[in-house]
Amino acid sequence: MSTITNTSEKNASAFVHIPVLSRELIARLKINPGGHYLDATIGGGGHSRLILETFPDVKVTGIDRDERAIAAAKANLAEYGAERLTFWQGNFADYQPENVRYDGIIADLGVSSAQLDIPDRGFSFRHQAPLDMRMDRTQSLTAADIINDWDEEKLAKIFYEYGEERLSRRIAKQIVRQRPFQTTTELAEAIARCVPPKYRYGRIHPATRVFQALRIAVNQELESLERFLDKAPYWLKIGGRIGIISFHSLEDRIVKHRLRDSPLLEVLTKKPITPQPDEEAQNPRSRSAKLRLAQRKET
């Protein structure tokens, strides 16, 4: 086992967070002794740890686009060793398991709490940071490229479609008029200034939906999710289960339809499973989470 460097320790510390809907997911995944499971969004390894704890011979393959997440999961789960835990860095839609078939597949979608809390990633306007938002830091497209280079019509379109922002045209017009923007806080302040006072002081910050839309566009999240869900059923053994946790209606709609429409799957959740009150109290970020599951049929 390799020595954990200070950088790895910092990454591991940053990526420690509470896995969402863990009781419901682990119970319904029906983990088998000796089973092999795919965690398609391993993050800090919270859900993977719970899988590995069930039986001493269970194995997990973990995927993540973020190199910091992979480093953190390796550090956080180092006790399980290479025989039980392997990793692949990249977009889960591009993964090829070759001849492996899994007893179960899980994915916890969206940006992780750790990514939101690391200022230099640029996912949150709570910190002044470069407009980045890349989950995979090797890709070229950033949020700054979109904000500063895309035309007004294209900006309004992604704000409306990916952020469900009803003031998308007004915000896009203001951004084009005022750009270039360099930091998250600059952009958030410009958005807040251009909306009506009632909107500005509402339940959520007026930049929230725009930032969601930018993150989805930068990382091509919805297209990747669709491709992943088209492929993943073929990676399951007969009787194997897939559980997907989503955090907003755009993701949940794709998950619902892809699981339902797959000829290989039987849907196990007519309605999504949502967090219990005790989990919401302990982890407020879990409130919007929805879990859907399906099982590979005999075909």
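This passage walks through the domains, two helices, a few single residues and the salt bridges of one predicted model.

Some ground rules come first. The structure is a prediction, so local features are taken only where pLDDT is at least 70, and side-chain atom pairs count only at pLDDT 80 or more, while totals for chains, interfaces and linings use all residues. Residues are numbered from 1 along each chain as its sequence is written, and side-chain values rest on heavy atoms, with hydrogens and water left out.

On the broadest level, the chain splits into domain 1 (22-108 + 222-296) and domain 2 (119-219), with bounds that come from an automatic or database domain assignment. The C-alpha centres of the two domains sit 29 Å apart. Where domain 1 and domain 2 meet, 13 residues of the former are in contact with 14 of the latter, contact meaning heavy atoms within 4.5 Å.

Helix H8 covers residues 152-163. Helices here are DSSP runs of H or I with at least four residues, strands are runs of E with at least two, and both are numbered from the N terminus. The 12 residues of H8 should span 16 Å at 1.5 Å a residue, and the end C-alpha atoms are indeed 16 Å apart; the expected span is 1.5 Å times one less than the number of residues. Leu-155, Ala-156, Ile-158, Phe-159, Tyr-162 and Gly-163 of H8 are buried, where buried means under 20% relative accessible area, exposed means over 50%, and partly exposed is in between (1.4 Å probe, protein chains only). Looking down the axis of H8, these buried residues fall within an arc of 165°, so they line one face of the helix; the arc is taken from the directions from the helix axis to the C-beta atoms. In general, an α-helix has 3.6 residues a turn, so residues three or four places apart point the same way.

On the face of H8 turned away from its buried side are the exposed residues Glu-153 and Tyr-160. The buried residues of H8, for their part, pack against helix H7 (143-149), helix H9 (168-178), helix H12 (208-219), helix H13 (221-231) and helix H14 (249-261). Both ends of H8 have something to show. At the start, a side-chain oxygen of Asp-151 comes to within 3.3 Å of the backbone nitrogen of Glu-153. That is a polar contact, namely a pair of N or O atoms within 3.5 Å; within protein, one atom must be able to donate a hydrogen and the other to accept it, and residues adjacent in sequence count only if both atoms are side-chain atoms. After H8 comes Glu-164, with a positive phi near 50°.

What does H8 look like from the other side of the packing? Ala-213 belongs to helix H12 and, with 0% relative accessibility, counts as buried. Leaving out neighbours within four places in sequence, Ala-213 is in contact with Ile-158, Phe-159, Tyr-162 and Gly-163. Ala-213 and Tyr-162 are 51 residues apart in sequence, yet their C-alpha atoms are 4.6 Å apart in space.

Over in helix H2 (residues 22-29), the buried residues are Ser-22, Glu-24, Leu-25, Ile-26 and Leu-29. They pack against several elements, including strand S1 (36-39), strand S4 (102-108), strand S5 (236-246) and strand S7 (290-296). Just past H2, Lys-30 adopts a positive phi of about 55°.

Thr-269 is found in the loop between strand S6 (265-267) and helix H15 (277-282). With a relative accessibility of 8%, Thr-269 counts as buried. Its side chain reaches the backbone nitrogen of Leu-293 at 2.9 Å. Not counting residues up to four places away in sequence, Thr-269 touches Leu-291, Arg-292 and Leu-293.

Finally, the salt bridges. Taking a salt bridge as a side-chain nitrogen of Lys or Arg within 4 Å of a carboxyl oxygen of Asp or Glu, the count comes to 12. One of them pairs Arg-49 with Glu-79, the closest N and O atoms being 3.0 Å apart. This pair links distant parts of the chain, 30 residues apart: Arg-49 is in helix H3 (residues 46-52), and Glu-79 is in the loop between helix H4 (67-76) and helix H5 (81-84). Arg-49 is partly exposed at 24% relative accessibility, whereas Glu-79 is exposed at 55%. Asp-132 and Arg-134 form another salt bridge, at 2.8 Å between the closest N and O atoms, and both residues are buried.
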